[in-house]
Amino acid sequence: MTKTIFLLAALAPVAALASVSSVPVTAAAAAAPPPPAPPAAFGPCATCHSVKKGERSGFGPNLFGVAGTRSGAIAGYAFSPAMKKADVVWNRDTLDRFIAAPQSVVPGTKMAYPGLKDPAKRKAIVDYLMALK
């Protein structure tokens with residue numbers, strides 16, 4: 001009897017794993033591609049901005065899904081009045097111009113970043129942000 005109890009106790013973790021691994025995966029979960037890796041040029045952005053779906057905003061707003069949204073409209077972040085008023089839709093062009101010179105696109109934004117002059121690095125960042133869906 002003692003051997004039987006010991007054997008059952010030893011097999012319990014295996015049985016638990018078997019039940020977890022048999023959980024069906026939905027088609028949507030199986031089809032969802034992993035998020036892209038950030039380009040090296042995004043490093044300075046990551047200091048203030050999160051890009052993980054559902055993660056809280058930090059010093060700057062969470063940029064996951066920013067493409068197609070309006071300036072100042074991401075929930076959970078206290079945008080400047082200038083950003084709320086700007087009425088900019090974030091697309092490839094507006095993101096590129098904003099990353100190049102934030103104050104010229106949204107005068108009065110609280111984003112304290114002078115801008116990125118390198119068009120190749122800006123393109124890498126914009127491509128990355130556009131892919132975060």
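These legends walk you through several views of one predicted model.

**View 1. The whole protein is built from helices.** Let's start with the full chain, where you can count 7 helices and 0 strands. Reading from the N terminus, the elements follow one another as α-α-α-α-α-α-α. Of the 133 residues in the protein, 29% are buried. The accessible surface comes to about 8900 Å², and carbon and sulfur atoms hold 68% of that surface. Among the contacts with a separation of 6 or more, 37% join residues that lie 24 or more positions apart.

**View 2. Helix α5 and its buried residues.** Now zoom in on α5, which spans residues 92–100. Which of its residues are buried? They are Thr94, Leu95, Phe98, Ile99 and Ala100. An α-helix has 3.6 residues a turn, so residues three or four places apart point the same way. Keep that in mind as you look along the helix. The cover over the buried residues of α5 includes α4 (81–86), α6 (102–105) and α7 (119–131).

**View 3. A cap at the N-terminal end of α5.** Staying with the same helix, look at asparagine 91, which caps the N-terminal end of α5. A side-chain oxygen of asparagine 91 sits 3.0 Å from the backbone nitrogen of aspartate 93.

**View 4. Histidine 49 in its loop.** This view moves to the loop between α3 (43–46) and α4, where you will find histidine 49. Is histidine 49 buried or exposed? Its relative accessible area is 15%, so histidine 49 counts as buried, the cut-off being under 20%. The side chain of histidine 49 reaches the backbone oxygen of proline 61 at 2.8 Å. Leaving aside residues up to four places away in sequence, histidine 49 touches Phe42, Gly60, Pro61, Leu63 and Met111.

**View 5. Two cysteines without a bond between them.** A disulfide is a covalent bond between the sulfur atoms of two cysteines. How many disulfides does the structure hold? The number is 0. To see why, look at cysteine 45: its closest cysteine sulfur, in cysteine 48, is 8.9 Å away, which is too far for a bond. A disulfide would need the two sulfur atoms within 2.5 Å. The two residues are also worth viewing for their surroundings. Cysteine 45 is buried, with 17% relative accessibility, whereas cysteine 48 is partly exposed at 28%.

Definitions and conventions: Residues numbered from 1 in each chain as written. Predicted model: local features only at pLDDT ≥ 70, side-chain atom pairs only at ≥ 80, totals over all residues. Heavy atoms only, no water. Buried < 20%, exposed > 50% of the residue type's maximum accessible area, 1.4 Å probe, protein only. Helix = DSSP H or I, 4+ residues; strand = E, 2+ residues; numbered from the N terminus. Contact = heavy atoms within 4.5 Å. Polar contact = N/O pair within 3.5 Å; in protein donor to acceptor, adjacent residues only side chain to side chain. Areas by Shrake-Rupley, 256 points an atom, 1.4 Å probe, with all protein chains shown as cover.
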